[in-house]
Amino acid sequence: MDHVSECPTTYLDHAATTPLRAEVAGAMAAVLAEPLGNPTGSHRPAQRARRFLEEARDAVAGHLGRDPREIIFTSGGTESANLAVFGTLAVAQERGRSLSILHSAVEHPAVLESCRAAHRSMELDLAELPVNAHGVVELDALIEAVTPTTTLVAIMLANNETGVIQPIDEVARIVRAASESTWVFADAVQATPFLNLAEQAVGADLLALSAHKVGGPVGTGVLAVRPPAEVRAYQHGGGQERERRSGTQDVVGAVGLAAALGLAEAERIDTGARIGALRNQLASRLLAAIPGAVRTVADSVPTLPGHLHLCLPGIEREELLVLLGRQGICASGGSSCASGALQTSHVLTAMGVPDSLAQGAIRFTLGHETTSADIDRAVAVMPGVVAALRHDP
Ligand code: PLP
């Protein structure tokens with residue numbers, strides 16, 4: 001046995017991906033055991049697949065408080081963000097409108113890079129809305145920037161690095177007061193396990209979800225589009241999903257997403273309270289044990305209950321993560337994107353966090369199966385690792 005496999009695993013990286021929940025795997029296995037056709041066909045296996053798909057759509061719509069026709073199944077959060085951006089721009093273009101997007105400075109790359117790619121390929125006004133020192137979008141900047149010619153305002157429901165929750169309803173009110181034909185797009189990928197999306201994202205015309213962040217399978221997501229907002233297909237082919245997303249639907253993935261959302265919703269209040277208490281314990285114990293450690297977002301700012309973001313002066317996060325990983329502690333440097341690992345986080349830069357602190361950024365994210373033993377273990381390991389790195393850089 002090597003050193004790594006001898007350590008127990010303490011998984012505190014749920015914002016990167018969550019373990020597939022056993023109940024979800026069970027629901028998917030039950031569907032996999034049936035002979036399934038292509039849901040667009042007319043024979044019995046096809047009808048069975050269609051029934052599973054439409055039941056999953058109804059369930060997802062129910063959890064989001066939306067009409068089932070609004071639900072577009074996709075391959076995940078990234079595809080949903082691309083479809084939201086390019087799909088709404090295509091509709092505006094068809095209508096001869098000028099193209100313009102406002103997005104917050106702290107969006108996930110799925111949104112940021114979609115906007116930037118659109119900007120490179122079409123005549124598009126693109127503007128970034130600043131955030132305050134806590135990472136909350138500056139509403140005054142939105143009031144000033146949004147006009148009836150704005151196509152889309154993209155502001156995430158909760159940030160993947162810090163867990164900070166954005167005031168989406170306030171955003172929607174501002175946008176509606178300025179324009180009848182500007183749509184609000186909220187990336188709810190991180191918020192899904194913890195927030196009541198039917199209530200807390202009611203102002204969003206478009207909403208993106210990803211199953212693997214909520215105990216479901218990787219490779220399935222949703223874009224919900226509430227009329228009169230519309231999207232044109234970004235991915236072309238057979239015209240599935242009411243002509244909005246071509247490709248044979250992943251019936252088993254959709255069943256998994258619906259099951260995962262059902263579990264999250266049923267447990268949301270209790271799980272949120274339990275995880276929030278564990279996160280607060282982790283925060284206070286680490287801050288007490290590690291000299292100079294700083295909590296990046298003030299206690300008073302609403303965040304997802306599972307997120308704890310710290311900055312550790314004098315530490316290089318990649319070295320810290322390697323040493324923690326050797327001891328079985330799974331955390332992340334802030335973002336879990338392939339491109340973001342070694343760069344300074346654009347989220348921290350937008351919040352005005354100095355580079356010297358941002359270098360030592362670490363994100364712990366707790367989830368459904370996190371226990372107090374996980375917190376004890378992280379608290380037992382972290383101070384020693386930080387001290388070793390400071391003395392022996
Ligand atoms: N949006 C946010 C806020 C995320 O955290 C992620 C994944 O980390 C995505 C979008 C992309 O989702 P997916 O991994 O399903 O493509």
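Salt bridges, counted where a side-chain nitrogen of Lys or Arg lies within 4 Å of a carboxyl oxygen of Asp or Glu, number 19 in a search of the whole structure. The structure is a predicted model, in which local features need pLDDT of at least 70 and side-chain atom pairs count only at pLDDT 80 or more, while totals for chains, interfaces and linings use all residues. Residues are numbered from 1 along each chain as its sequence is written, and side-chain values use heavy atoms, with hydrogens and water left out.

Three of these pairs are listed here, including the N to O distance.

| Pair | Closest N and O atoms |
|---|---|
| Glu34 and Arg48 | 3.4 Å |
| Glu230 and Arg95 | 2.4 Å |
| Asp376 and Arg285 | 2.8 Å |

Asp376 belongs to helix 14 (residues 372–391) and Arg285 to helix 10 (residues 251–289), so their salt bridge ties together parts that are 91 residues apart in sequence; helices here are DSSP runs of H or I with at least four residues, strands are runs of E with at least two, and both are numbered from the N terminus. Asp376 counts as partly exposed at 38% relative accessibility, a class that lies between buried (under 20% relative accessible area) and exposed (over 50%), using a 1.4 Å probe and protein chains only.

Glu230 and Arg95 also belong to a network of salt bridges that links them with Glu94 and Arg232. Glu230 is partly exposed, with a relative accessible area of 28%, and Arg95 counts as partly exposed at 47% relative accessibility.

Gln190, by contrast, counts as buried because its relative accessibility is 9%.
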